[in-house]
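Biologist: Please take a close look at one part, the packing of the interior, and describe it in one connected account. Where it helps, set that part within the whole chain and give the cut-offs behind each term.

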Amino acid sequence: MRAAGYKAIYTAQVLIATLLFVAMLSVASSVFAPVAFALFIIALVWPAQRRLQVVLPHYLAVVITFLMVVLAFLAFGWLIAWAFGQVGRWIIADAARFQQLYDEARLWLEEHGFVVEVLWSDNFGVGWILRTVQTVSGRLNSTFSFWLIALVYVLLGLMEVEAFERRIGALRNQTASTLLLHGSRLTAMKIRRYMMIRTAMSVVTGLLVWIFARAVGLSLAEEWGFIAFALNYIPFLGPLFATLFPTLFALIQFGTAESVLLVFVGLNLIQFVVSSYVEPRVAGSALSVSPVVVLFSVLLWGYLWGVFGAFIGVPITIALLTFCSQHPSSKWVSELLGEDVKGDQVAPTPRA
């Protein structure tokens, strides 16, 4: 009886500590989010730096790798700004059309007994559209400091990877040393594979959306293709918005229910085929995580850290499950949540 009481107290303490840790991650997001994002980037680019160090001095390889990261950030950020900027300019230029459609919908609802003027008159219209566009622009501008801090961590981390690896290897507790080293290497390998698969599927999705938009005559087809490519990096929520935005756009451009339904069904069909049929067969079982866990990860880390949290939520989950699979006491967590643990066994401790 006493043992059961101690176990309940221990469980409550662990639960309270976990909740406090999650709350700390949310409150101190400006500190922890850039660090987590930098570790994610380092895991992706470290193999390239290691190959460069074979033929180049260490610091020159660090500089080249870091410049590659900066150029990739700038290119991706410029393309996102271009795509959303084109859509935003089109919306502002055709704001009167939005107001007309709203007025028509309001009159139709009022004819059927739904009074929306009192509820929405102050919140919806041309002013609401402009405020929304301005808010989105402000959020994009506020990410500059995040990128700057994350890039500083990336540069410092690339300089310290090997030294940190040596310090872990020199730990007196060889079991902990082996767990950390093997878990880190396995995590980095899985994250790189996850991003390769996600990038390939995003490219396929973007190309199919572009082809479909051109085929049905939807304006800004290239922009919608790249938006679908970019948002596809965020599971579940990204494809949802990548489908919703062009559908609303089609409502403004075409103005007919048949055209809007065609766009909606076509885009959803593309997302379904790529995410539910092609991607699982490409990924295989090595990165099999329960869809419920994937959605929970996106929502949880998105709530804690915003867009960046939603972007790296699944890689964080992959890392946690991989480390859980390294120890017998926590291996059940990775097995329960759907992580394939074949080949994740701890490497044997080297003998002197």
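Modeller: Of the 352 residues in the protein, 37% are buried (under 20% relative accessible area, with exposed meaning over 50% and partly exposed the range in between, for a 1.4 Å probe and protein chains only). The model is predicted, so local features are reported at pLDDT of at least 70 and side-chain atom pairs only at pLDDT 80 or more, whereas totals for chains, interfaces and linings use all residues. Residues are numbered from 1 along each chain as its sequence is written, and side-chain values rest on heavy atoms, without hydrogens or water.

The interior is built from helices: the protein has 12 helices and 0 strands, both being DSSP runs numbered from the N terminus (H or I over at least four residues for a helix, E over at least two for a strand). The unreviewed UniProt entry places the feature "transmembrane region" at several spans, among them residues 31-48 and 195-213; such positions follow the numbering used here, feature names are shortened, and annotations may be inferred rather than shown by experiment. Residues 31-48 are 100% helix, with end C-alpha atoms 27 Å apart. Residues 195-213 are likewise 100% helix, and their end C-alpha atoms are 26 Å apart.

Among contacts (heavy atoms within 4.5 Å) with a separation of 6 or more, 69% are between residues 24 or more positions apart. The accessible surface comes to about 20800 Å², and carbon and sulfur atoms hold 72% of that area; accessible areas follow the Shrake-Rupley method with a 1.4 Å probe, and for residues only the protein chains shown count as cover.

The largest nonpolar core contains 63 residues, and those with the most contacts inside it are Phe 37, Phe 40, Ile 41, Trp 224 and Trp 305. Such a core is a set of buried Ala, Val, Leu, Ile, Met, Phe, Trp, Tyr and Cys residues joined through side-chain atoms within 4.5 Å. Two or more residues come from each of helix 2 (29-55), helix 3 (58-93), helix 6 (126-169), helix 7, helix 8, helix 9, helix 10 (257-283) and helix 11 (291-324). Helix 11 contributes the most, with 14 residues. Beyond residues up to four places away in sequence, Trp 305 touches Leu 25, Ser 29, Phe 32, Ala 33, Ala 36, Ile 312 and Ile 316.

The structure also holds 21 aromatic pairs. Rings of Phe, Tyr and Trp (its six-membered ring) pair if their centres lie within 6.5 Å; planes under 30 degrees apart are stacked, over 60 edge-to-face, and the rest tilted. Phe 76 and Phe 226 form a tilted pair, 6.0 Å centre to centre with 55 degrees between the planes. This pair joins distant parts of the chain, as Phe 76 in helix 3 and Phe 226 in helix 8 are 150 residues apart. Phe 76 is partly exposed at 31% relative accessible area, whereas Phe 226 is buried at 13%. Phe 229 and Tyr 233 pair edge-to-face, with centres 5.5 Å apart and planes at 80 degrees. Phe 229 is buried at 14% relative accessibility, and Tyr 233 is buried at 8%. Ring pairs link these four residues into a cluster that also includes Phe 37, Phe 40 and Phe 308.

Phe 212 lies in helix 7 and is buried at 18% relative accessibility. Its C-alpha atom is 7.5 Å from that of Gly 266, although the two residues are 54 residues apart along the chain. Leaving aside neighbours within four places in sequence, Phe 212 is in contact with Leu 262, Val 263, Gly 266, Leu 267 and Ile 270.

Two loop residues deserve a note on backbone geometry. Most residues other than glycine have a negative phi. Leu 220, in the loop between helix 7 (174-216) and helix 8 (221-231), instead has a positive phi of about 60 degrees and is buried, with a relative accessible area of 17%. Phe 236, in the loop between helix 8 and helix 9 (237-253), has a positive phi near 65 degrees and is partly exposed at 42%.
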